[in-house]
Amino acid sequence: MGSLDWAIVGAYILGVLGLGYLISRRQRDQADYYLAGRRLRSGQVGLSLVANQVSSVSLVGAPAFIALKSGGGLVWLQYELAVPLAMIVIIAVLLPAYWKKRGLTIYEYLEERFGRTTRSLLGLVFLVSRSLGSGVALLAASYVTSVCLGLSLSWTILLVGVVSLLYTSVGGIKADVYTDIVQLVILWGGSLACIVLLSGRTGSLSFPA
């Protein structure tokens, strides 16, 4: 990487951390930290969800899984169809009850409805599953980033992990949503730029029959 590349990466990291810090200064209570004061717009939340679904795992793992694994395309398609179906169930069943409760987390409603044991068990399942999933996403992103930055995989994991931990811990859910939107724009913008560059070098976009 050249000096310009490092400058862009450095400016992006500082911008993300600065955004988290500015948002944190406007937080007054737990509702601001966990729920952004319930002032997030539906479009912002929707773009954040899209950004979370199109992660480094999708970009790195999905093409290899579909191309190399027997029946991989259909298996991946089933997974992608399961995500919106699960979200429909959540929106239709759980979200109204949670919104009526006006609590900070869905686990408060679970404790009130089913007891502390249910809350603790499901909370533990979520923490373990998300820790494993986040670890895979961090590793996949670090593999790509280490090649681009010319750093070892260990240092790249540390860099990406620390930066992500800082802006989300300081800025709360609002910082997470806003940076997701920024990353989505960069992701789609970079993908479109790659398509244009590749089509220019190959002469045209063509697909095998």
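Trainee: Which hand does the crossing of α3 and α8 have, left-handed or right-handed?

Mentor: The α3 and α8 crossing is left-handed. Keep in mind that this is a predicted model.

Trainee: What makes α3 oblique to α8?

Mentor: Helix α3 (residues 42–53) and helix α8 (residues 153–202) pack at about 60°, their axes 8 Å apart. Roughly perpendicular runs from 65 to 115 degrees, and roughly parallel needs under 35. The angle of about 60° fits neither, so α3 counts as oblique to α8.

Trainee: Which residues of α3 make that contact?

Mentor: On α3 you have Q44, L47, S48, V50, A51 and N52, and they meet V177, Y178, D180, I181 and L184 of α8. Sorted by type, the contact of α3 with α8 has seven nonpolar residues, three polar and one charged.

Trainee: How do α7 and α8 pack?

Mentor: Their angle is about 115°, with the axes 8 Å apart, and this crossing is right-handed. Among the contact residues are L138, Y143 and L149 of α7 and L153, I157 and V160 of α8. The tally is eight nonpolar, five polar and no charged.

Trainee: Why is the aromatic pair of Y107 and F126 called tilted?

Mentor: The planes of Y107 and F126 are 55° apart. Stacked needs under 30 degrees and edge-to-face over 60, so the rest, tilted, is what remains. The centres are 6.2 Å apart, and the cut-off for a pair is within 6.5 Å.

Trainee: What does the pair tie together?

Mentor: Y107 sits in helix α6 (residues 106–114) and F126 in helix α7 (residues 116–149), so the pair links parts 19 residues apart in sequence.

Trainee: Why does F126 count as partly exposed?

Mentor: F126 has 41% relative accessibility; buried means under 20% and exposed over 50%, so F126 lands in between as partly exposed.

Key: Residues numbered from 1 in each chain as written. Predicted model: local features only at pLDDT ≥ 70, side-chain atom pairs only at ≥ 80, totals over all residues. Heavy atoms only, no water. Axes fitted to C-alpha atoms, helices over the stretch in contact; angles between N-to-C directions. Helix = DSSP H or I, 4+ residues; strand = E, 2+ residues; numbered from the N terminus. Parallel < 35°, antiparallel > 145°, perpendicular 65-115°, else oblique. Left-handed = near helix turned anticlockwise from the far one by under 90°. Contact = heavy atoms within 4.5 Å. Nonpolar A, V, L, I, M, F, W, Y, C, P; charged D, E, K, R; others polar. Phe/Tyr/Trp six-rings, centres within 6.5 Å; stacked < 30°, edge-to-face > 60°. Buried < 20%, exposed > 50% of the residue type's maximum accessible area, 1.4 Å probe, protein only.
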